[in-house]
Amino acid sequence: MRSSRAAHVAAWKRLVACGLFTIACQSSVDEVRAEEAAAKDSSEKFVTGRLGVGAIVDSRYSGGSNYQAFPVPLASIEIADGVAYVDYWQAGLYVLSNEKKNLGLAIVATPRLGFGQHDGRLLEGITTRRSSLEMGLSVDYGFSETAGISLGYLHDVVSASDGSVVRLLGYKHVDFSERFGVDAFIGVERLNARLANYYYGVGS
């Protein structure tokens, strides 16, 4: 009788042990699956941001009285967790940053629109000012994930003006909902003589 009861208890112990082992294995499998899902989710978000097309209503040259509407690409994209980015008119690649990733040195590029005699009455007879691509270095500091400043030095790399510019920019992003937000920018530029004369000089 005692031997039968002991055998019965031993069988239950083995059953419980098997059950616990099964639960432990299932838990381990779930953890592995969770890690794989997290890794997959991370890899799927290698590039994050927003893409679109908008319109700007503005004069194509300083002091112009005629306003034109022209399409512009709108993009705010981060690549590889912020290692590279495209923010509307500027693209950048960080080459140095601190551990907090709120201070960094980036190689940046931005376009500058040209204009010609057909862009306004005051420009009749003027030679065409070519569009250019300006590249250089920028030191960026983020006060938070939604606000920061940037100080950069850029030079014309397509020999349109062979000029350069020092630029100070500030930005602020405000989210009103999960799918709607506003990006605000403010800045000043200091153009050197070559760039200023090429785009804003009065020579024919």
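These legends accompany close-up views of salt bridges and a cavity in a predicted model. Residue numbers start from 1 along each chain as its sequence is written, and side-chain values use heavy atoms, with hydrogens and water left out. Because the model is predicted, local features need pLDDT of at least 70 and side-chain atom pairs count only at pLDDT 80 or more, while totals for chains, interfaces and linings use all residues.

**View 1. R112 and E134 form a salt bridge.** A salt bridge here is a side-chain nitrogen of Lys or Arg within 4 Å of a carboxyl oxygen of Asp or Glu, and the count by this rule is four. For R112 and E134, the closest N and O atoms are 2.6 Å apart. R112 sits in strand β5 (residues 103-112) and E134 in strand β6 (residues 132-142), so this contact ties together parts that are 22 residues apart in sequence. Strands are DSSP runs of E with at least two residues, numbered from the N terminus. Both partners have low values: R112 counts as buried at 10% relative accessibility, and E134 counts as buried at 1%. Buried means under 20% relative accessible area, exposed over 50%, and partly exposed in between, using a 1.4 Å probe and protein chains only.

**View 2. E189 meets R112 and R167 in salt bridges.** The N to O distance is 3.4 Å for R112 and E189. That pair links strand β5 to strand β9 (residues 181-191), 77 residues apart. E189 itself is partly exposed, at 41% relative accessibility. For R167 and E189 the N to O distance is 2.8 Å, and here strand β8 (residues 164-175) is linked to strand β9 across 22 residues. R167 is buried, with a relative accessible area of 9%.

**View 3. Four side chains share a network.** R112, E134, R167 and E189 are linked by salt bridges into a network.

**View 4. R167 also helps to line the largest cavity.** A cavity is a set of points, on a 1 Å grid over the protein atoms alone, where a 1.4 Å probe fits but cannot get out; lining residues have an atom within 4 Å of a point. Grid points are joined across faces, edges and corners, and the volume is the space filled by probe spheres set on the points. Searching the whole structure gives one cavity of 30 Å³ or more, and the largest has a volume of about 40 Å³. Its lining consists of Q90, V108, S138, S150, G152, L154, R167 and L169. Strand β7 (147-156) and β8 each give two or more residues, with β7 giving the most, three.

Note on methods. Helices (H or I, at least four residues) and strands (E, at least two) are DSSP runs, numbered from the N terminus. On a 1 Å grid over the protein atoms alone, a cavity is a set of points where a 1.4 Å probe fits but cannot get out, and a pocket is an open set with protein on both sides within 12 Å along at least five of seven lines; lining residues have an atom within 4 Å of a point.
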